[in-house]
Amino acid sequence: LIKALVWLVLILVAKGFSITRAVLSRREMGTIALVCFLAFIANFLFNQFNSFFILLIMCVYIGNLWYIFLAVAVNKKALSHQLVLIAQAGFRPSTTPAHDKLRLYNKFQTAMIVYVVLDVIGFFLSTFFFSESYVRFLISELVSIFLYIAVATVFRLRAFSIYFARTPALD
């Protein structure tokens with residue numbers, strides 16, 4: 001259940017929910033629900049039957065990553081287009097929240113790429129060099145913790161830009 005919830009949060013962040021968009025369409029919510037349900041089922045079957053369902057969990061994993069990277073690319077393209085329009089209107093794009101959001105998505109994409117690379121390296125190291133199952137679990141959890149910290153650091157609460165910082169009222 002925890003892995004499915006993590007995928008849900010990652011997908012919602014990638015789709016831009018409450019970051020670039022206030023609401024998601026019904027179709028997007030249905031797709032996200034299906035993806036998370038598949039992640040839950042795949043993890044459940046993998047935990048119950050060990051390596052028998054490894055192909056299923058790999059397909060769900062790759063599908064989730066593809067969906068996340070596609071959503072990030074769509075958001076980055078929309079934000080880049082907004083920055084071009086802002087520049088054409090005669091404003092400095094670097095002083096807008098769209099610029100900061102684009103930087104957030106660049107960092108999020110980098111964190112996801114690093115996560116995938118570390119997870120694949122950890123899987124192969126634990127499969128070919130360590131026969132103990134706890135080592136595979138330990139490596140997987142350490143890589144997951146890295147992702148949690150990276151995403152939480154990138155999307156921590158803060159003002160979007162110093163130009164939009166709220167100043168206290170002068171009395």
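## Legends to the close-up views

**View A. Residue N43 is found in helix α2.** The model shown here and in every other view is predicted. The relative accessibility of N43 is 17%, which falls under the 20% limit, so this residue counts as buried. When residues up to four places away in sequence are set aside, N43 touches K3, A4 and I57. N43 is also listed with F46, I57, D119 and S140 as the lining residues that lie nearest the centre of the largest pocket.

**View B. Helix α2 comprises residues 26-49.** For its 24 residues, a rise of 1.5 Å a residue predicts a span of 34 Å, and the C-alpha atoms at the two ends are indeed 34 Å apart, so the two values agree. The buried residues of α2 are E28, I32, V35, C36, A39, A42, N43 and L45. The elements covering these residues include α1 (2-15) and α3. In an α-helix there are 3.6 residues a turn, so residues three or four places apart point the same way. G30 also lies in α2, but this residue is partly exposed, with a relative accessible area of 39%. From G30 to V116 the C-alpha to C-alpha distance is 25 Å, for a separation of 86 residues in sequence.

**View C. The largest pocket has a volume of about 1200 Å³.** The elements that each contribute two or more residues to its lining are α1, α2, α3, α4 and α5. In total, 41 residues line this pocket, and those nearest its centre are N43, F46, I57, D119 and S140. The greatest contribution to the lining comes from α5, which supplies nine residues.

**View D. Helix α5 has 22 residues.** From its first C-alpha to its last, α5 reaches 32 Å, close to the 32 Å expected at 1.5 Å a residue. Its buried residues are V135, V143, S144, L147, A150, V151 and V154. Among the elements that cover them are α1 and α4. The lining of the largest pocket takes nine residues from α5, more than any other element gives.

**View E. N75 is found in helix α3, which runs over residues 54-88.** With a relative accessibility of 6%, N75 counts as buried. Its side chain is joined to that of T20 by a polar contact of 3.1 Å. Apart from neighbours within four places in sequence, N75 is in contact with A14, K15, G16, T20 and Y105. Y105 in turn has 0% relative accessibility and counts as buried.

**View F. Y105, F108 and F155 are linked into a cluster by ring pairs.** A pair of aromatic rings is described by the distance of the centres and the angle of the planes. With a limit of 6.5 Å between ring centres, the count comes to six aromatic pairs. One of them joins Y105 to F155: the ring centres are 5.9 Å apart and the planes lie at 70 degrees, over the 60 that the class requires, so the pair is edge-to-face. Y105 belongs to helix α4 (residues 97-128), whereas F155 belongs to the segment after α5 (133-154), so this pair ties together parts that are 50 residues apart in sequence.

**View G. The rings of F124 and F128 form a stacked pair.** Their centres are 5.8 Å apart and their planes meet at 5 degrees, under the limit of 30, so the arrangement is classed as stacked. Both residues lie in helix α4, and because they are four residues apart there, about one helical turn separates them. The two residues fall into separate accessibility classes: F124 is partly exposed, with a relative accessible area of 43%, while F128, at 60% relative accessibility, counts as exposed.

**View H. The chain has five helices and zero strands.** Read from the N terminus, the order of its elements is α-α-α-α-α. Along the principal axes, the C-alpha atoms fill a box of roughly 65 × 35 × 35 Å. Of the 171 residues of the chain, 32% count as buried. Considering contacts between residues at least 6 apart in sequence, 70% join residues at least 24 apart.

Definitions and conventions:
Residues numbered from 1 in each chain as written. Predicted model: local features only at pLDDT ≥ 70, side-chain atom pairs only at ≥ 80, totals over all residues. Heavy atoms only, no water. Buried < 20%, exposed > 50% of the residue type's maximum accessible area, 1.4 Å probe, protein only. Polar contact = N/O pair within 3.5 Å; in protein donor to acceptor, adjacent residues only side chain to side chain. Contact = heavy atoms within 4.5 Å. Expected span 1.5 Å × (residues − 1). 1 Å grid on protein atoms, 1.4 Å probe; cavity = no way out; pocket = protein on both sides within 12 Å on 5 of 7 lines; lining within 4 Å. Points joined across faces, edges and corners; volume = space filled by probe spheres on them.
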